[in-house]
Structure formats: C-alpha cells, structure tokens
Amino acid sequence: MSKIVDGLLYSESHEWVKVDGNVAIVGISDYAQSELGDITYVDMPEPDDEFKAGDDFGAVESVKTSGEIIAPVSGKVVACNTELAEHPELINEDAYSAWIVKIEMSDRSELDSLLNASAYAKLLG
Amino acid sequence: MKYYDKLIFELSRPGRTGFSLPAAEGGMPVGGKLWRGSAPELPEVSEPDVVRHYTNLSQMNFGVDTGFYPLGSCTMKYNPKLNEEIAAMPGFTGQHPLQPKESTEGSRAVFEELDKALAAITGMKRFTFRPCAGAHGELTGLMLMKEYHLGRGDLARTKVIVPDSAHGTNPASAACCGYEIVVVKSKADGLVDVEDLKPLLGPDIAGIMMTNPNTLGLFEKDIKEIAELVHGCGGLLYYDGANMNPLLGVARPGDMGFDILHLNLHKTFSTPHGGGGPGSGPVGVSERVLPYLDIPHVSGFHGNFTVMLRALAYILMLGRENIRMAGRLATLNANYVKESLKDCYRLPIPSVCKHEFVFDGLLEPNGTTTLDVAKRLLDYGFHAPTIYFPLLFHQAIMIEPTETESPETLDAFIEVMRKIAEEARTDPGLLHSAPRTAPVGRPDETRAARQPILKYEA
C-alpha cells in the first residue's frame, strides 16, 4: 500500500504539491516511485524556467522505464533539488521529503483542481 | 551453457604474438606529426589464444541459431544461410566505395532491384538506402517531413502527433527535428482514438507517426479515416516500419495513405541483428514527398550494403507468392501462442492480433512479477520476450514468435510458460531466484545505471 500524506495536494499524474505561501513545492508520490522502481536519474528544469500547468518539465528515469514530471501549477521555477543529481535514490527512500522543484505560482486558483489526500487515495483505489 | 568470463587482456603476455611481418621496405619512418608517443596497449596473444577466446565467448551467446527468441517488436526470425552466401561473394565484398562508376554496375543493379521490390511491397515510390538502422531511418524520415513543409513555404507546422502506444524512438526522432510532441490516446481496444485525434489537428501539425499494426500487435483499422483527417489539415503520415512483418504481401502502407516510411531490413527481411547491429533502415516516400528525397545515383556510400544484399536475397528467394505466407504465418503463430496461454496470463486486449501480442503479467502472480517470469524462462532455454513495454500495461510481456518457428517449438514454449504460471502459484521462490542456469544471475541494474563502469581497467 502506497503512502499518502495528509495536507499535501496531488495531481492525477502522481505529483505531490506542498503549498508554502506563493510557492508550490513539487515532488512525485510514493505510488509513482514504487511503480517506477529504482530511480537512476532525475531530469530537472533550470531555475527561472517558466511552465504552464500540464507541461512536462522533467523526467524521472528508472531501470525499468522513464516517467515525465508534469507541472501541477503554472509559474516560474525558483529552485531545484540539486541533491537529486547525485542521489536520485532519495526519491525511492522517501518520496515526500525528496522534493524536485519549487515553483512560484502565477495562478493560485489552479490549486483548486488538484486532489486532496483522500481524493488521491480514492484515485489509487 | 559453458561458463567463460575472461577478458582478452587477461590472456595477454608480453611479447606473445600471432603474426610476423617482413621489415618495411626502405625502413620505418621516424618521428613526424602523426607518430604516436607510445605503443598502443593492445593484448599480446597467439592465434590459438584468439580463436579459443572468441569461440568460448560465442558459446555463451544466445541467438536465433541457438533457440526460440520471441523478443516482441524485434522480429527475431531465422536468417537463411543463403543470405550469407550471397553477401560473402567476393564480387561484392571486394568493392571500394570510391572505385570508378563503370566498375560498380552490379552493385547499382542491387540497389535498383531492391528499390523496386520494396516499392512494390510498401506502395511507396522510391527509397534511399543511406540510413543504417530504424531510428536513423526515422530521423531521416522526419527531416524529410520538415523539408516538405518548409519547401512549400509552410513555416507554421511545429508539432508532430504520436500515439501513446508508440515506440520511444518516435517522439525522440520528432524532437531531434525540433518538433513539439503531441500525444494522441488509445481507446480501450488498443487502437488510436479518432475522436481524441480530431481536436489536435490544425495548421500547426506537421504530421502523425504511426506503427501499423501498433505495438500491441493490433491493426489500426481506422487508418483510412486517420489519413484523410491528417491530410485534410495539411499534415503528412509517417509509417514506423518496425511492425511491417505481418503486412508482407498482404497490405501496403502506401495504400493506407502513408507518405514516408522506414523499413527495418534487419528485422522484416531476415538479416542478423541484435546486440546493436548491423542494421539498415531505408526510407521510402510517396509521390508528394519524392521531390525532397535525395537519391544519390553516383556516390558509393549507401549505408550497410551487405545487409541490403541479404534482404534482396531473401525477397527473391521467397518471391511474390511465398512472401505473403511470411506475414500470414507470423500472424497465425502469434495468435496460436496467445490463445494457448490466455488462461494463465492476463490478456488485456482480447482481439485477434497480428505478428505479436501483449500480456499484462500472470493472472495469479502470487507475489511474482513479469521480470521473474522472464528470468525463469532462461532456465528453460528460451530467450525472454520483451518486458515492460509497451508502457500502457505495467507488467507487459510482449511476445513475437515470427513465422519461422515450427508447431513443436511453439508448443514447447507454451508448455514452459504454463509450467512457470504453475510454479508461481505453488513455489514462487523458483521464480524469484531465477535464473539458476545462466552464467550470470541477476545483474545489479540499478548500480550499473547509477555508477556505470565504462572502461576496462587492469
């Protein structure tokens, strides 16, 4: 059974979002990491890159496959977790502390279309 | 399987050699710009050392000459030895690409004959033979697509549509040409969703890339409508020839409306491949793209010529009537295996398949995975099918038996696959600990990817 953390928001493409003021901290869910298997590489955007919600802005590669990371909200990248470049396995160890990017949101109302923990649990079934 | 794990460098002894050369006439040059500072670090071995080393290594290999190789999407059919005889003829092997044109009539006749044969098989107008593999052909094809639009002054087409079931090379080729990728979804029956496609079409679409039958082994029945829609918005249709085998002599991509395609001669036309080559990915075009095709009539550089020779030998050996049987038998074999195993393995799409099909893991996995099934197959002497592709199914097992297998081989494979399903139920440890008979058990793929060791160090 995959871990789901209360208080975070989730996308249907298995990213999680933690809201910190006007900044969205984004990672991939525990379900996503377990489906991918051992992660070998995280392809991240650069700070100042801008994305619209729904754009793919990076990828998580594992031994088995590769999955795109979809921007859950629109905005500008203000930070990337550079530690993942050397230690992609951190996502496997704890998907909810291994954040991938921080996005300065341009439209906070987009958060309304994300799922809360119980709705995400229902999605996973 | 005999275990042998030496590197040729381990056999090296200072001063040992397998040849002797006469002294250079006029003495060796000394110094100069291209003179290397130290001798190359090559292994020093005798002729028997070399022969035994590579013979031992070859005995650890598994190929279509050793056994059944149902690697989905790879068309591992038997490669007739007559192909090899033709390709080894000294009149072909002794040629140099820069020798005078009048002395290469025979080789140019090979190109012309193969061009005509492939055009007849696919319904395309002309081929270029320069691309050396399928992905190379795709890139060439997408560059042709781009040239076609730009040549007409149409600068607005920036997107290429790719189905969610596509081979990964499709979006990669389009992205390499600077296109943005738009994904069209498949329906529950595994075919491209025409209703999902319609709103994606417009003046910004350069074209669509399709594999037909697709990676689930299913024929895209709506291809005529898709072709009309894509052409209607000014786009082109690209055909990924990876799955051409079942269509041989039965249906032609050109008649379906495709404008550009590549063929994998090494797959469909029976030349040895695997382990990286050598491949050949000729690209064919329809009338409307023909003006953009660069056909070198004089240049000696045409890609992998001996692969083309083998392909031509194969086509001529079968002839028009028998080549029809290749595709049909490939389809029959795939359906026979599918129907014989669907009570043990989950079959997500039950319709009649073409040359290959996809299971989504065991019906009763009991804690085992598709990887475990694949590893256990090695213990029984079969090459594993393609696993974890296509990505539509999480436990995908993709099986392509090809037309060259006898009913006895297929039955033996079916029996083993059923036995593995039974083992998963009763003794899953057998699957978890497989393979036991292979010289290497389960390599640490994670560590290999995270900390690759890319060169030999003594």
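Start by selecting helix α5 of chain B, residues 134–151, in this predicted model. Its buried residues include Gly134(B), Ala135(B), Gly137(B), Leu139(B), Leu142(B), Leu144(B), Met145(B) and Tyr148(B). Colour Glu138(B) and Lys146(B) too, since they are also on the buried list.

Now bring up what surrounds the helix. The buried residues of α5(B) pack against α6 (169–176) and against four strands of chain B: β4 (205–210), β5 (236–241), β6 (260–263) and β7 (283–285).

Try the distance tool on the two end C-alpha atoms of α5(B): they are 25 Å apart. At 1.5 Å a residue, 18 residues should span 26 Å, so the two values agree. Just after the helix, click on Gly153(B), which has a positive phi, near 75°.

Next, select Leu237(B). Beyond its neighbours within four places in sequence, Leu237(B) is in contact with Gly207(B), Ile208(B), Met210(B), Ala227(B), Val230(B), Gly257(B), Phe258(B) and Asp259(B). Leu237(B) is also one of the residues that touch the most other members of the largest nonpolar core, which has 98 residues. Add Tyr238(B), Ile260(B), Met308(B), Ala311(B) and Ile397(B), which complete that group. Then highlight helix α11 of chain B, residues 305–341, which gives this core its largest share, 14 residues.

A second, separate core has 33 residues; to find it, select Leu8(A), Val26(A), Ile28(A) and Ile69(A), which are among its members.

Finally, zoom out to the whole of chain B, with its 15 helices and ten strands. Its C-alpha atoms fill a box of roughly 75 × 65 × 45 Å along the principal axes, and 40% of its 458 residues count as buried.

Technical notes: Residues are numbered from 1 along each chain as its sequence is written. Chains are lettered from A and ligands numbered from 1 in the order in which they are written. This is a predicted model: local features need pLDDT of at least 70, side-chain atom pairs count only at pLDDT 80 or more; totals for chains, interfaces and linings use all residues. A nonpolar core is a set of buried Ala, Val, Leu, Ile, Met, Phe, Trp, Tyr and Cys residues joined through C-beta atoms within 7 Å. A residue is buried if 20 or more other C-beta atoms lie within 10 Å of its own, exposed if 12 or fewer, and partly exposed in between; C-beta atoms are placed from the backbone. Two residues are in contact if their C-beta atoms, placed from the backbone, lie within 7 Å. The expected span of a helix is 1.5 Å times one less than its number of residues.
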